[in-house]
Number of protein chains: 2
Amino acid sequence: MTTSVASDPTGLHRVLDDVAVLPQAAARLDTRRELWPDEVRVRVERLNLDAASFRQLERKHDGDGDAVRAEVLGIVAARGKMQNPETGSGGMLVGTVEAVGEESPLGLRVGDRVATLVSLTLTPLVIEDDLARWDGRSEQVPCDGYAVLFGRSIAAVLPDDLAPELSLAVMDVCGAPALTARVVRQYAATRRPTVAVIGGAGKSGSLSLAAARDAGADRLLGVVPHEQEAERLRGAGLADAVVVADARDPIALRDAVTAAGGPADITVVCVDVPGCEGGAILATAEGGTVIFFSMATSFPAAALGAEGLAADVTMLVGNGYVPGHAAYALELLRANDGVRRLFEERL
Amino acid sequence: MTTSVASDPTGLHRVLDDVAVLPQAAARLDTRRELWPDEVRVRVERLNLDAASFRQLERKHDGDGDAVRAEVLGIVAARGKMQNPETGSGGMLVGTVEAVGEESPLGLRVGDRVATLVSLTLTPLVIEDDLARWDGRSEQVPCDGYAVLFGRSIAAVLPDDLAPELSLAVMDVCGAPALTARVVRQYAATRRPTVAVIGGAGKSGSLSLAAARDAGADRLLGVVPHEQEAERLRGAGLADAVVVADARDPIALRDAVTAAGGPADITVVCVDVPGCEGGAILATAEGGTVIFFSMATSFPAAALGAEGLAADVTMLVGNGYVPGHAAYALELLRANDGVRRLFEERL
C-alpha cells in the first residue's frame, strides 16, 4: 500500500467506496496506520457511543451486553468506523496523540490527551483489544486501538481541572448549547425570548438551558418525560418551570408547554426518541424557531409536519459544529453547579 | 359511526392509530364522508404525487405503470391517505369543494375549485374510480374521489388566468421560493448574497432562483446535472452562471460552485436525490445558510456532515408553509417568462 493519492482535508482519500462520497456517507474507510501528511493518529482510550445508537443496539439485543459488544466490533471491522447502520450515528472518542503528520493544521502534539469533536461516523478506527474491558451495557466503551484525524477534523485537548469522563460527556453534546445561545442572542436583540427545552434534564438539554439563560432568554421551560426527571431538573435550578409531558404526544406537549407560559419562541429538541417533530412544532409560537438536536429526527416528518399544520416556524438542523463550542460548554459546566450535578449523576 | 368525538384543528380526531400522533405521522386515517363542524370535503379531480415518491415507485416497479397504479391504490386503501412508506412523502391535490362544515375557518364555498397546500400525507382520501384514467407513468394522476380538509389545513382557490395544471404545479413547490426569499432578504439587509440553487432548472429550483433575484440576491448560480438541463436554464435567463455538476459528488460540487464565483452565502437544495447534503455544505461559505427542500434529505447526514466538516453553516429544514407562499409563487411565474417556460415544458 502507498499513500501516493493526494490527501483532501475532508478525508476523501480514505473512502473505499466506488462512488465519490464523503467519509461520513461512506460504506467503508481505509484504516491504514500510515498517515498522509495532514493527518494525525490517536491511540484510543475510550469510545463514547451516541445515545441514540447505543439505545438502538440495547433494544435490538434485549440488553444482552455480549451481543451489543459483538455488533459494535462487527460494524467497526466491516466499515472501518463506528456508524450504527440503523441510526446513522456514531459518537466520539478520547485518546492520546501518537503521531502527527508534518502538514497537519490541527496544532496537536504527540502526547496530547484529546477528545475528537467530529463524529465517529467519519473517523477511521481500528479496535485492537476486542473491547475486552467493556460489558456492552454503557455508552462509555474502554477501548485500545487507533483512530485517524483529517486536516479538517476537530479535536480538543482535555482540560486539567475536570475528570476526563466529564469533559468527554460535555464535549459530546457541546454543539447544542453553542447553537442554542446563538439563536437566543438573535432573538434577544429585539425581545427576550421564551425558550422550551425538550429533554431539559439530559446532557445536551441541561447545557442548552444554561446556554439560553446565559444568552439572554426570558422564561425557560424544561420538558421531561416523568416525575423523577422533573425532580432532578428542579433540583438543578436551570428552568423557570418544569413540565412533565410525553414529547411524542404532540397535543399533550402543546398543551403542557402552553399551560407553563408557552408557546415558546424557541424550542430545542434534545431527546433521542423518534416522533417528537409534531409536538415541537405545535409547542412553538408563530414566527418562532425549532432547533432539532436529536439524531432521531426525521427530515420529512419535520418538513411535512410544519406544512401540514400551517405552522410558520423556522426549523434548524442542529449542526454539531459552532466555533468555540467545546470551550463554551465547559465554561457553562464550570459556572453551573446544577449542570455539573446532572452530568456527574449520569456518568 | 358518529362524530361525537370533538374535532381538533390538526385533524387528530381522524387518527386511527392506538397512540396519539398527528395525521402526518399516523399509520391510518378515518376517511368517513361525514364532516366534523370545522372540516371541508373536496371532490378530487387530480392528485399530484411528490416527485421523490413517484420516482421511488417508478424505480421499484421498473417503470411498469400498472404496478405503480396498483401500489398507489393499495397505499390509499390501507392508510386512508397517500403517503409513500419509503420516502414518507405524499403530494397535493386539485378538486372542487363539495361540502363545508358550519365552523370551518378556511373561507371556502361549495363549488370553489381549489388546490390543497397541505401534504397528501395527512389528508384523508378515498379513491372511487380505481385511478382508471391514469397510466402510472406521470406524477399527475387523474382521479375521482373525495378528500377532507381540517380546520388548520390550507387550500388555495385556483386562479382564473392560468391553466389548472400550471397553477397546481406552482403551488406544489410554493414553499421553496417563499422561504428562499425570506432568507435572502435577511442577508440582503447587510450585504447582497451569492445564492446557489442545486437543481436550478427544476420547478422549485427555477422559482427559487426567481425569488432570490426578487429578494435582492447579488450573484445567482444554477446547478444542474447535465448539459441538456444547462441549456434549458440558460434559455430561461434565471441565473448569472449555470454550473453542470453531480450534486451527489461533494468535491465535484464544491469545486464547480467555487469556480463559478462561489462559495455561496445561501445554498438551496431542490433536487430529489439522496446524498446531496455533503456537497451542499461544502459549496457554502462559512457563516452561510443551506436550505434543504428535498424530501430525500437525511437529517443525520446533514447534521453529522456539517459537524464532520467543521462547517459553520446554518441548515434549515425547508418548511413548506410560509404565509402568502402560493400567491407569491404565482406572481413570480406571471412575472418571469423563463420560469413559465420551464414549467410549461414540464407539464
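Two residues are taken to be in contact here when they have heavy atoms within 4.5 Å. In this predicted model, the contact between the two chains involves 54 residues from chain A and 54 residues from chain B.

The size of an interface is often given as the accessible area lost when the parts come together. For chain B and chain A, that buried area is about 4,500 Å², and carbon and sulfur atoms account for 64% of it. On the chain B side, three residues stand out: Arg152(B), Phe299(B) and Val317(B) contribute 17% of the area that chain B buries against chain A, more than any other three residues.

Polar and charged pairs also cross this interface. Between chain B and chain A there are 14 residue pairs in polar contact, with both partners at pLDDT 80 or more. Six salt bridges are found across the interface of chain B and chain A. A salt bridge links Arg182(A) to Asp312(B), with 3.1 Å separating the closest N and O atoms.

The two partners of that salt bridge, Arg182(A) and Asp312(B), turn up again in the lining of the largest cavity. The model holds three cavities of 30 Å³ or more, and the largest cavity encloses about 50 Å³ of space. From chain A, its lining takes Leu179(A), Arg182(A), Leu316(A), Val317(A), Asn319(A), Tyr321(A) and Val322(A). Chain B adds Asp312(B), Val313(B), Thr314(B) and Met315(B) to the lining of the largest cavity.

Turning to the inside of a single chain, chain A is divided into domain 1, covering 12-162, and domain 2, covering 175-346. The C-alpha centres of domain 1 and domain 2 of chain A are 28 Å apart. Where the domains meet, eleven residues of domain 1 of chain A are in contact with eleven residues of domain 2 of chain A. Together, these two domains of chain A bury about 840 Å² between them, of which 63% comes from carbon and sulfur atoms.

Two salt bridges are found across the interface of domain 1 and domain 2 of chain A. A salt bridge joins Asp161(A) and Arg334(A), whose closest N and O atoms lie 2.6 Å apart. The side of domain 1 of chain A that touches domain 2 of chain A comprises six nonpolar, one polar and four charged residues. Between domain 1 and domain 2 of chain A, one residue pair is in polar contact, both residues being at pLDDT 80 or more.

Methods
Residues numbered from 1 in each chain as written. Chains lettered and ligands numbered in written order. Predicted model: local features only at pLDDT ≥ 70, side-chain atom pairs only at ≥ 80, totals over all residues. Heavy atoms only, no water. Domains from an automatic or database assignment. Buried area = accessible area lost by both parts, 1.4 Å probe. Salt bridge = Lys/Arg side-chain N within 4 Å of Asp/Glu carboxyl O. Polar contact = N/O pair within 3.5 Å; in protein donor to acceptor, adjacent residues only side chain to side chain. Nonpolar A, V, L, I, M, F, W, Y, C, P; charged D, E, K, R; others polar. 1 Å grid on protein atoms, 1.4 Å probe; cavity = no way out; pocket = protein on both sides within 12 Å on 5 of 7 lines; lining within 4 Å. Points joined across faces, edges and corners; volume = space filled by probe spheres on them.
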